[in-house]
Amino acid sequence: MHQVPKGIDPGWAYNPGANRNQPIVHFVDKLEVAQPELAAAAVDKLVKSDVFTQWHKKPQGEFPMGVLNTDIKEHLKATQSVVKLSEQTLTKQLKTHSELTLSEYRLLPKVIQKGRVIALGGEYLIFWQHNGRLYQAIIKATKSDELNINAFYRAKERDMKSALRVGKMVGDWW
């Protein structure tokens with residue numbers, strides 16, 4: 001039996017904000033089974049929407065930020081293709097890379113889909129150039145095989161050259 005405070009209709013006895021991220025969780029599940037091109041387009045559109053703007057202002061849970069292309073997914077031996085940004089990582093990012101704008105975070109779907117991928121240890125560094133500026137995203141697979149963005153920032157050419165010296169190029173779509 002569920003008890004509600006006196007004067008509250010049982011249909012209103014819940015916190016509507018408590019599960020505001022649930023639709024995103026279900027969306028990610030659908031993306032995982034969709035054709036990669038359609039999933040990538042859907043994530044790109046979602047990241048450009050007001051839904052992402054609101055999540056960026058007040059993150060809760062995880063947000064899908066990109067879809068790995070099939071070649072990289074196979075190279076990683078990943079069972080999932082959707083790359084997510086967690087609330088904890090975004091909070092850290094907003095402190096350590098406060099120079100990044102919302103528009104730059106909206107580049108992440110393209111960075112993930114079309115960037116130059118370098119395997120380095122257990123991480124994957126993805127470099128992508130946009131309007132003369134180089135960006136780097138760091139992606140790592142968790143023990144449960146989820147793909148998460150560990151960092152995203154403006155990079156320098158020397159960062160990519162250094163990564164190429166010690167890492168292995170696994171994808172290049174430039």
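Me: In which sense do strand 2 and strand 6 pair, parallel or antiparallel?
Reply: In this predicted model, strand 2 and strand 6 pair in the parallel sense, with 2 bridges between them. One residue to look at there is Lys84, whose bridge partner in strand 6 is Asn148.

Me: And what does strand 2 do with strand 1?
Reply: Strand 1 and strand 2 run antiparallel and are joined by 5 bridges. Lys84 appears on this side as well, since in strand 2 the bridge partner of Pro64 is Lys84.

Me: How many residues of strand 2 are buried?
Reply: The count is 5 of the 5 residues, so strand 2 is largely enclosed by the rest of the structure. Both of its faces are covered, with Val82, Lys84 and Ser86 buried on one side and Val83 and Leu85 buried on the other. In a regular strand the side chains alternate between the two faces of the sheet.

Me: OK, zooming out, what is the strand order in the sheet?
Reply: The sheet is open, has 7 strands with mixed pairing, and follows the order 1-2-6-5-4-3-7. Strand 1 (62–67) and strand 7 (168–171) stand at the edges, and because each has a single partner strand, one side of each is left without a neighbour in the sheet. On average, neighbouring strands of this sheet are turned by 35° against each other, with direction ignored.

Me: How many bridges hold strand 7 to strand 3?
Reply: Strand 7 pairs with strand 3 (residues 116–120) over 3 bridges, in the antiparallel sense. Within that pairing, Ile118 has Met169 of strand 7 as its bridge partner.

Me: Which strands does helix 3 touch?
Reply: Helix 3 (residues 50–57) packs on the sheet and touches strand 1 and strand 2 (82–86), and its direction makes about 130° with that of strand 1.

Me: And which strands does helix 8 lie across?
Reply: Helix 8 (residues 157–166) lies across strand 3, strand 4 (123–130), strand 5 (133–141), strand 6 (147–155) and strand 7, and runs at about 50° to strand 3. The chain as a whole has 8 helices and 7 strands.

Me: Switching to the interior, which residues touch the most other members of the largest nonpolar core?
Reply: Those are Phe63, Met65, Ile149 and Phe152, in a core that holds 39 residues. Helix 2 (residues 36–47) gives the most to this core, contributing 5 residues. There is also a second, separate core of 10 residues, which includes Ile138, Ala151, Met160 and Ala163.

Me: What is Ile149 in contact with?
Reply: Leaving aside neighbours within four places in sequence, Ile149 is in contact with Met65, Val83, Lys84, Leu85, Thr89, Leu108, Ile112, Ile138 and Ile139.

Me: One more residue: where is Gln80, and is it buried or exposed?
Reply: Gln80 lies in the loop between helix 4 (70–76) and strand 2. Its relative accessibility is 19%, and because the cut-off for buried is under 20%, Gln80 counts as buried. Not counting residues up to four places away in sequence, Gln80 touches Glu32, Lys73, Ser144, Asp145, Glu146 and Leu147.

Me: And for the chain overall, what percentage is buried?
Reply: Buried residues make up 43% of the 174 residues in the chain. The accessible surface comes to about 10100 Å², and 53% of that belongs to carbon and sulfur atoms. As for contacts with a separation of 6 or more, 58% are accounted for by residues 24 or more positions apart.

Notes. Residues are numbered from 1 along each chain as its sequence is written. This is a predicted model: local features need pLDDT of at least 70, side-chain atom pairs count only at pLDDT 80 or more; totals for chains, interfaces and linings use all residues. Side-chain values use heavy atoms; hydrogens and water are left out. Helices (H or I, at least four residues) and strands (E, at least two) are DSSP runs, numbered from the N terminus. Buried means under 20% relative accessible area, exposed over 50%, partly exposed in between (1.4 Å probe, protein chains only). Contact means heavy atoms within 4.5 Å. Accessible areas come from the Shrake-Rupley method with a 1.4 Å probe; for residues, only the protein chains shown count as cover. A nonpolar core is a set of buried Ala, Val, Leu, Ile, Met, Phe, Trp, Tyr and Cys residues joined through side-chain atoms within 4.5 Å. Two strands pair if DSSP finds at least two bridges between them. Axes are lines fitted to C-alpha atoms, for helices over the stretch in contact, and angles run from 0 to 180 degrees between N-to-C directions.
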